[in-house]
Amino acid sequence: MLDRVNENIEHGVREKRSFANEFRIILPDGTIKHIEATNDPVFSAIGELLEIVVTGIDVTERRRAAQALRESEAKFRDYAETASDWFWEIGPDYKFTLLTENAFGSHSADRIGTACWDHALDLETEPEKWRLVRATLDSRKPFRDFVYRGMSGNGSPMYVRASGKPVFDANGEFRGYRGTGTDVTAIMRAQEALRESEQSARSAIDGIAGLVAIMTPNGEVETVNRQCLEYFGRSLEWIRTGEQTMRCILKTFLVLLNFLRKRWPPGFPTSTNYACGASTANIGGLTPVASQFADDSGRIVRWYVLLTDIEDRTRALARLEQMQSDFAHMNRVSVMGELVASLSHEIAQPIASARIYARAAQNFLDLQPPDLGEVRDALAGIVGNAGRAGDIIERIRDQIKKAPPRKERFDLNAAINEVIVLGRSAIIKNRVWVQTRLSEGLFPVHGDRVQLQQVVLNLLLNAVEAMGSVEGAPRELLISTRQDHTGVLVAVHDSGPGIHPEHLERVFDAFHTTKPGGTGMGLSICRSIINAHGGRLWAEANEPRGTIFQFTLPAA
């Protein structure tokens, strides 16, 4: 250090000019100071050195500031060289004047003196975007997150996101822009793949022939398919916020599902039926089926709900039920028509008995004195026989009249006994021995009494008619009932010729008959009635011969 100072002094004196040097001094307290000295040599007229005037300045703080600035620049350079973003500057002509080395992937120096749009690939496909960014630059306003498609340093396409702000000098003169750039190719491709996936999912749910809703775990509607929008004739926002619309219905539905879902494994579909309505249209019946989507921890993250409009199906079922009821009524009328001759005999018997009791009463009144006790007994006989005739007529009226199905709790054993009375004439005519094994304490059943009696009467008459052709063997008919925890079983056993095993199921087909002049509707209607009551009707072979017709009814 001292040698360099002396060298500067000699050099300044020799050239007879001012010179400067810098050195450090150590104060008595050990503090180091940096001194910058300005030396002005003074010479005589003949050129001899007279003195050197030295002016010293303490530049310690300036040296420290300069060192801090160099360290800061080094850090900034390290950050710039290692960051995924890069830094750029452009001049007033919008051409690059500075690019960090990592700009555009590689070969950033090759872009100095060019503008960013010189390397753009979407300049013609998206001119409006570029027109707006040029207008922003010309108005000297900052811009942020401008994304464009350009060429990378190796010539491959890349997406760049740029942000920048204008730069002005001390006089307010525009000097260009300074900002950052980022390679967002991976992000843009991921977003494009997501859009394609969403479009594919949208096409898939729009192709479903039903109303599809995707919902959050708490029942808020995220989106719906096109059919749903067309069905309600409203916007997605209306479906999301309406109080009388699908949102309200589905939210109620999911409350139930969330209550029960802990009992189901993930992905187990659940369904229920209900009706919904809207203030602007009669929406009708909807059947929802919901499936839950859970993450790895089992937490539900989304509900997928499919709703199917079943209004047309409901109307068709109602028409079918009405047709079945009409056929059942026709069948009852047909059966009662076949029984009219024998039933007239059944009615004639109590009427004839009442006539006999009336004549006896007259004779007892003619006695002197009249025998009032016998008269009273005769009158009681008249009342009893009139009641018998009235009961028979009432049962016939119940079977013939056309009335809508009416379900109620009733004693099935008592109803079967009434049917046996109605069929007694046919039983006697065909010389059939009837036996009943009706379970005592049978639980009441819930159903339409007339329709179920129609089933038993059809089975009874079919059995009696089948046994009418049997010669040389007993004609036995057994009607039994029994119950278990599931409900009631009714069986009608006959000892007729039986049914071929291949036809045991066909006999229930509509228009299938083995009787001359038969319509083939009786057993088909019987099965429809039993099915409508939640039961089952079937036939099987009896041993040693004949057929057993059985049907079940659920417990009331």
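Colleague: Which residues does Leu460 touch, leaving out those up to four places away in sequence?

Modeller: Keep in mind that this is a predicted model. Contact here means heavy atoms within 4.5 Å. With neighbours up to four places away set aside, Leu460 touches Val419, Ile420, Gly423, Ile427, Leu477 and Ile479.

Colleague: And which element gives the largest share of the largest nonpolar core?

Modeller: That core has 39 residues, and Leu412, Leu459, Leu460, Leu477 and Phe551 have the most contacts inside it. Among the elements that give it two or more residues are helix 11 (412–422), helix 13 (449–467) and strand 18 (476–483). The largest share, 10 residues, comes from helix 13.

Colleague: How many residues are in the second, separate core?

Modeller: Look for Ile90, Tyr94, Val133 and Ala162, which are included in it. This second core is separate, and its count is 22 residues.

Colleague: Which strands are the edge strands of the open sheet with the order 5-4-8-7-6?

Modeller: The sheet has 5 strands with antiparallel pairing, and the twist averages 30° from one strand to the next. An edge strand pairs on one side only, and that picks out strand 5 (96–99) and strand 6 (143–151).

Colleague: What is the bridge partner of Val167 in strand 8?

Modeller: Start with strand 7 (residues 157–168) and strand 8 (residues 174–183), which pair in the antiparallel sense over 9 bridges. On strand 8, the partner of Val167 is Gly176.

Colleague: At about what angle does helix 4 run to strand 7?

Modeller: Helix 4 covers residues 185–206 and lies across strand 6, strand 7 and strand 8. Its angle to strand 7 is about 125°.

Terms used:
Residues are numbered from 1 along each chain as its sequence is written. This is a predicted model: local features need pLDDT of at least 70, side-chain atom pairs count only at pLDDT 80 or more; totals for chains, interfaces and linings use all residues. Side-chain values use heavy atoms; hydrogens and water are left out. A nonpolar core is a set of buried Ala, Val, Leu, Ile, Met, Phe, Trp, Tyr and Cys residues joined through side-chain atoms within 4.5 Å. Buried means under 20% relative accessible area, exposed over 50%, partly exposed in between (1.4 Å probe, protein chains only). Helices (H or I, at least four residues) and strands (E, at least two) are DSSP runs, numbered from the N terminus. Two strands pair if DSSP finds at least two bridges between them. Axes are lines fitted to C-alpha atoms, for helices over the stretch in contact, and angles run from 0 to 180 degrees between N-to-C directions.
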